[in-house]
Amino acid sequence: MEIKVVKTINKRLPFSVSEVEEKTLKVLDLLKIKDGVLDVVLVSDVFIRRLNRRFLKKNNYTDVLAFGEAFDNQGHKRKNIFGEVIISVDAAKRFAKRYGQRTEREFYLYLIHGILHLLGYNDHTLKQRKTMEELQNVLLSRIIPNEK
């Protein structure tokens with residue numbers, strides 16, 4: 001399994017890059033993903049807005065983007081992971097403050113959300129969103145225990 005954290009911002013992070021790699025591997029292990037390549041890219045609001053506009057044609061800020069392949073050439077769900085999860089550290093800081101929680105918790109919620117998208121999960125309908133949120137919460141509690 002190859003995990004690479006790419007830091008493209010010049011801001012202090014409230015956690016280390018090695019911690020992000022460690023917790024990412026833990027999430028993938030909990031999901032029973034044993035193979036693949038995943039880049040975790042840490043960016044600013046300005047940068048993620050540019051990506052959102054360029055690739056998704058949405059001219060607004062977002063917290064996380066995921067780009068990759070959830071299905072193989074035959075249309076079957078992959079058993080590995082391949083892609084990028086791009087996270088706005090600015091958004092994690094802002095929303096953590098708004099919700100009265102640590103930035104780390106908000107950040108890892110975005111990471112898990114992006115990983116689930118790469119594995120083929122969607123949140124387009126209420127049912128899909130509920131399924132995804134339940135799994136996110138379980139995974140988050142396993143990598144950051146004893147938090148609200």
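Q: Leaving aside neighbours within four places in sequence, which residues is Lys-23 in contact with?
A: Contacts of this kind show what a side chain meets through the fold. In this predicted model, Lys-23 is in contact with Glu-104, Tyr-108 and Ile-143 once neighbours within four places in sequence are set aside. Lys-23 itself sits in helix 1, which covers residues 17-30.

Q: Which side chain of opposite charge is nearest to Lys-23, and how far away is it?
A: Side chains of opposite charge can pair when their charged atoms come close. The nearest candidate for Lys-23 is Glu-19, at 4.4 Å. A salt bridge requires the nitrogen and the carboxyl oxygen to be within 4 Å, so that distance does not qualify. Lys-23 is therefore listed as buried yet without a salt bridge.

Q: Which backbone atom does the side chain of Lys-23 reach?
A: A charged side chain should also be checked against the backbone. The side chain of Lys-23 reaches the backbone oxygen of Ile-143 at 3.0 Å. Ile-143 is also one of the contacts named above for Lys-23.

Q: How many salt bridges does the structure hold?
A: Three. Asp-29 and Lys-34 form one of them, with their closest N and O atoms 2.7 Å apart. Arg-94 and Asp-45 meet in another at 2.5 Å, N to O. Arg-102 and Glu-104 also meet in a salt bridge, at 2.2 Å, N to O.

Q: What does the salt bridge of Arg-94 and Asp-45 tie together?
A: For any pair, look up the element that holds each partner. The side chains of Arg-94 and Asp-45 meet in a salt bridge. Arg-94 lies in helix 3 (residues 89-99) and Asp-45 in helix 2, so this pair ties together parts that are 49 residues apart in sequence.

Q: Are the partners in these salt bridges buried or exposed?
A: Read each partner separately. Asp-29 is partly exposed, with a relative accessible area of 39%, and Lys-34 counts as exposed at 56%. Arg-94 is partly exposed at 34%, whereas Asp-45 counts as buried at 10%. Arg-102 is partly exposed at 45%, whereas Glu-104 is buried at 11%. Glu-104 is also in contact with Lys-23.

Q: Where does Arg-50 lie?
A: Arg-50 lies in helix 2, residues 45-56. At 45% relative accessibility, Arg-50 counts as partly exposed. Its C-alpha atom is 16 Å from that of Glu-84, a residue 34 places away along the chain.

Q: Which residues have the most contacts inside the largest nonpolar core?
A: Start with the size of the core, then find its best-connected members. The largest nonpolar core has 41 residues, and those with the most contacts inside it are Leu-38, Tyr-108 and Ile-115. Helix 4 (residues 103-118) gives the most to this core, with eight residues. Leaving out residues up to four places away in sequence, Ile-115 touches Thr-24, Val-27, Leu-28, Leu-31, Leu-38, Ile-81 and Val-85.

Q: How many aromatic pairs are there?
A: The count is five. One of them is Phe-15 with Tyr-108, a tilted pair at 5.7 Å centre to centre, with 45° between the planes. Phe-15 lies in the loop between strand 1 (2-7) and helix 1, and Tyr-108 lies in helix 4, so the pair ties together parts that are 93 residues apart in sequence. Both residues, Phe-15 and Tyr-108, are buried.

Q: Which residues form one aromatic cluster?
A: Pairs can be read together as a group. Here Phe-15, Phe-107 and Tyr-108 form one aromatic cluster. Tyr-108 is also among the contacts of Lys-23.

Notes
Residues are numbered from 1 along each chain as its sequence is written. This is a predicted model: local features need pLDDT of at least 70, side-chain atom pairs count only at pLDDT 80 or more; totals for chains, interfaces and linings use all residues. Side-chain values use heavy atoms; hydrogens and water are left out. Helices (H or I, at least four residues) and strands (E, at least two) are DSSP runs, numbered from the N terminus. Buried means under 20% relative accessible area, exposed over 50%, partly exposed in between (1.4 Å probe, protein chains only). Lys and Arg count as positive and Asp and Glu as negative; His and the chain ends are not counted. A polar contact is a pair of N or O atoms within 3.5 Å; within protein, one must be able to donate a hydrogen and the other to accept it, and residues adjacent in sequence count only if both atoms are side-chain atoms. Contact means heavy atoms within 4.5 Å. A nonpolar core is a set of buried Ala, Val, Leu, Ile, Met, Phe, Trp, Tyr and Cys residues joined through side-chain atoms within 4.5 Å. Rings of Phe, Tyr and Trp (its six-membered ring) pair if their centres lie within 6.5 Å; planes under 30 degrees apart count as stacked, over 60 as edge-to-face and the rest as tilted.
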